[in-house]
Amino acid sequence: MSQQAEATSPPDTSASYDGLRLSHLTKTFPGFTAVNDLSLDVPRGSFFALLGPSGCGKTTTLRMVAGLETPTDGTIELAGQDITHAKPYRRPVNTVFQNYALFPHLDIFENVAFGLRRRKAGDVERQVEEMLALVELEGQARKKPAQLSGGQQQRVALARALINKPEVLLLDEPLGALDLKLRRGMQIELKRIQTEVGLTFVHVTHDQEEAMTMADTVAVMNKGVIEQMGSPTELYENPRSTFVANFLGKSNLIEGQVTNRASDFLTVDMQGITVSVPADRAHTDGDRGWVGIRPEKVLIGPEGAELDAPGNTIPGGVISDVSFVGVSTQYLVRMPWGQELEVFAQNTGRVEIFPEGTKVELSWRPEYAFLLDASQDALAGAQDDNV
Amino acid sequence: MNWIRRHLVLILGLLVLAYTFVPIAVVVLMSFNDPATRNVYRFDGFTLHNWTNMCEDPAMCDALWLSIRVGLLATLVATLLGTLAAFALVRYDFFGRSSSNLLIFLPMAAPEIVLGSSLLTLFVQGGFAGQLGFWTIFIAHVMFCLSFVVVTVRSRLAGMDDTLEQAAADLYATPSQTFWRVTFPLVLPGILGAALLSFSLSFDDFIITNLNSGSETTFPMYVWGAARVGVPMQVNVVGTLMFVISVVIVVAVELNNRRRQKALAAT
Amino acid sequence: MADTTRRRGWVGYALFLPAAAWLLVFFVVPFYSLFATSLYDQSGSDFRGWEMTYEFGNYADAIEQYWQPLLRAILYAGIATLICLVLGYVLAYAIAFKSGRWKTLLLVLVIAPFFTSFLLRTLSWQLLLADDWYIVDFLQFLHILGPDDRLLNTPVAVITGLAYNFLPFMVLPLFASIDKIDHRLIEASGDLYANPVAAFFKVTWPLSLPGVVSGTLLTFIPAAGDYINAQLLGNTNTRVIGSVIEGQFTDANNSAIAASLSMSLMVIILVMVFLYIRRAGTEDLL
């Protein structure tokens, strides 16, 4: 290496990233750490969801991006600019607050126009009219927030933020206060608006269905760190930790010993039964692990029936509970080693519904199974109705 | 320097607060004053004489005693009537309830000189001009304390969780038992607070009392009269005592609350 | 807080009656006797019971003679109220927004000084504003006051006393109003490009207006009738209507004039309050 080459500056790894980049972001409060060395990149123009249970640090992260909280350590860059310590009113970032935070003493028009007026933007009236049309609230301009319904208020909050065309729009559980039907409608609306407007949306929520429906990329957060990040499909079908496996949908996790690592498939001795897991779906290096399989991927049939030839077959189950949920039947099957596994069978009408007490055998295709680190808590991330 | 900028509002606020204590400091200071002359209100020398000879001017102690007697009696009556009225306004519905609210509020908003002078004309017109004294003072004090008692107890009562009383009834308590065992203990702090407030207002009142007292002299009237010729420093002893006693009561209550909250949190 | 269904029936009346009766007899009725007294022919005796002559001329006389103290009282009270508003707003804002867990303690500290006698506190100002004390010396040092000027026995002293004594009446309603403001609204305004000054004027101040209205009324009205400050801290030229009324009742035995002045003061205050409320809006005054 010549001296000349060494004298030039090292390759710029943090070359201007045109999206939102959080680097080693940390926030500690006296007594606990809310956000712990968090790094992530949000691509420009994407719909990004930050998903996690309450207390995981997602709202704190959002507030740091908005400027309402100062990071203890780390940086926030937006389109190449360091905004870590900038005041909120100097950032090209706007927030849709969880409780909407509409100004009660101003009418809808002035609420929506607020940001424009502070920045002395021109042509206020036209922009407000356009934005109200976008969120389908034309004609409500002169009403006060208290006169609108929850759903309408939510749309005003959205309009008020969007009109400023921020680099990043932050949404802090905006749909939490709406009833189910309204929420579904708004999910579709938000996605439509984001695609139409092309802005970067960062949506914080604890509702995994919501995150998976709306987002291009989801990051699952737990206790101040990101457990896994990727597309909804990726996260759901190939979770890398018990937390993600349990938080998104449901998973069966069964203890097993790795017996062979040689090839594309790992062989695992799972409670005396040999099953295989693809190597790229095995997320542990140790000898032991949790074999994971989603309930809807498990086939169930009476003893002896050959369910699915290439699949792993697990005999010896007894049905301990049957729940008819309309779309599917949810079985709890007690296995010989004591664990109860969940099986969701879609009610196609072609197979009968087995009553409690039936002796059954289960089967699944190895390509749907995954292997997780044995040291992780099998109950991590499980929602309340499981426990 | 930046620290000051960030905390500017707080600092200013605390300065204003400190400012409110300056005259009190003067009162306390002057209670130890050994005045050179009576006419000039100035600190000349330190002495404990005022504290040990509080009734050096017997007229002051007479006035003090009158103020205490009127205060206690007026507090008793005003707290009783006011508490009943507060219950009526919060728990019952009756014709004229909203105008009653107005009736309660008005005395608090009227200037004292108007309240006092109108009451005086009532007594005079009623033929009691020759009987101005303890009882007319008492009547006036109850009158202007009532509103404060009602407002204080009412806010305490309105903020009470009424499902507690429903729970008591569900658990076999008769209305009387519910009142004495559930409602009353919960409203009591408000009632006591109202009583304390009422006594302070009564003890401290000058303008209304002055017009309706006839030949009697309450403590504030004594100070006023003495102010023209020079107050004895013992009045500052009384002032300091009033301040200290009130602060002690309020701090004790607050500490008691905190102690109870800590005990609750520990369970 | 769930609104209990209120009970109907005579019990409500019975509970409210004693207090109502007391106020009716000793608050409402006196206004009638005040009015009646103001219409006396002063040349007659005023110890004669309910005798009313219709001397509306008393009002003309009273105002002609005493319009200066009347105006002075209103002027002093007005200025004092403004001062209280500034000081009180700063204090209320600091306690509501910036004090964290010390909030209750600070509130107690706001009221604490006012548990001492009103008169004694006012007397203290005699010392504080005395010619040879630090405040006057300091102001003379800064050449704000000339070497022969004084503070005591001037209108400045009177207004200072008023602004001091009525401060809690301003702070507490202001605090109640400011404390109710949702902090998230302030955050939202910051998110929408309002710097702290803009956030104050566009969000905090408008939302605190009910408290401002209550506070100014609760301060101005009693201050307009006060004469303790004027007499202890002022001089014969700072005489206010309150001491005139008192004097006319007690020393001069001129109850008709006194009563008409009292009525006039009340009417003026009511009119001012009415106009003020109409301009400022009445939401949530009580």
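**Stop 1: Val156(A)**

Select Val156(A) and show its neighbours. Leaving out residues up to four places away in sequence, Val156(A) touches Leu102(A), Ile108(A), Asn111(A), Val112(A), Leu137(A), Pro145(A) and Leu148(A). Keep in mind that this is a predicted model.

Now colour the helix around it. Val156(A) sits in helix H5 of chain A, which covers residues 150-162. Is Val156(A) buried or exposed? Val156(A) is buried, because 24 other C-beta atoms lie within 10 Å, and 20 or more are enough to count as buried.

Next, add Met131(A) to the selection. Val156(A) and Met131(A) are 25 residues apart in sequence. In space, their C-alpha atoms are 9.3 Å apart.

**Stop 2: the domains of chain A**

Zoom out to the whole of chain A. Colour residues 20-236 one way: that is domain 1 in the domain assignment. Colour residues 250-373 another way: that is domain 2. How many Å separate the centres of domain 1 and domain 2 of chain A? Taken over C-alpha atoms, the separation is 40 Å.

**Stop 3: from chain A to chain B**

Show chains A and B together. Look for a contact between chain A and chain B: none joins them. The closest C-alpha atoms of chain A and chain B lie 13 Å apart.

Then hide chain A and study chain B. Its secondary structure consists of twelve helices and zero strands. Follow chain B from the N terminus and you meet α-α-α-α-α-α-α-α-α-α-α-α. Along the principal axes, the C-alpha atoms of chain B fill a box of roughly 70 × 70 × 35 Å.

Colour chain B by burial. Of its 267 residues, 41% count as buried. Now think about contacts in chain B between residues at least 6 apart in sequence: 76% of them join residues at least 24 apart.

**Stop 4: chain C**

Switch to chain C. How many helices and strands are there in chain C? Chain C has twelve helices and zero strands. Read along the sequence, its pattern is α-α-α-α-α-α-α-α-α-α-α-α.

The C-alpha atoms of chain C fill a box of roughly 75 × 70 × 35 Å along the principal axes. Chain C has 286 residues, and 47% of them count as buried. Among its contacts between residues at least 6 apart in sequence, 71% join residues at least 24 apart.

**Stop 5: where B meets C**

Show chains B and C together. Two pairs of chains touch, and chains B and C make the most contacts. Select the residues on both sides. Chain B gives 73 residues and chain C gives 79 residues.

Which helix gives the most to the chain B side? Select helix H2 of chain B, residues 8-30: this helix gives the most, with 14 residues. Colour the chain B side by residue class. You will find 51 nonpolar, 15 polar and seven charged residues.

**Stop 6: a helix crossing**

Finish with two helices. Select helix H7 of chain B, residues 134-158, and helix H1 of chain C, residues 10-38. Their axes come within 10 Å and cross at roughly 130 degrees, so H7(B) is oblique to H1(C). The crossing of H7(B) and H1(C) is left-handed.

Show the side chains at the contact:

- From H7(B): Ile139(B), Val142(B), Met143(B), Leu146(B) and Val150(B).
- From H1(C): Ala19(C), Trp22(C), Leu23(C), Phe26(C) and Phe27(C).

Colour the contact of H7(B) with H1(C) by class too. Ten residues are nonpolar, with no polar and no charged residues.

How values were computed. Residues numbered from 1 in each chain as written. Chains lettered and ligands numbered in written order. Predicted model: local features only at pLDDT ≥ 70, side-chain atom pairs only at ≥ 80, totals over all residues. Contact = placed C-beta atoms within 7 Å. Axes fitted to C-alpha atoms, helices over the stretch in contact; angles between N-to-C directions. Helix = DSSP H or I, 4+ residues; strand = E, 2+ residues; numbered from the N terminus. Parallel < 35°, antiparallel > 145°, perpendicular 65-115°, else oblique. Left-handed = near helix turned anticlockwise from the far one by under 90°. Nonpolar A, V, L, I, M, F, W, Y, C, P; charged D, E, K, R; others polar. Domains from an automatic or database assignment. Buried ≥ 20, exposed ≤ 12 C-beta atoms within 10 Å, placed from the backbone.
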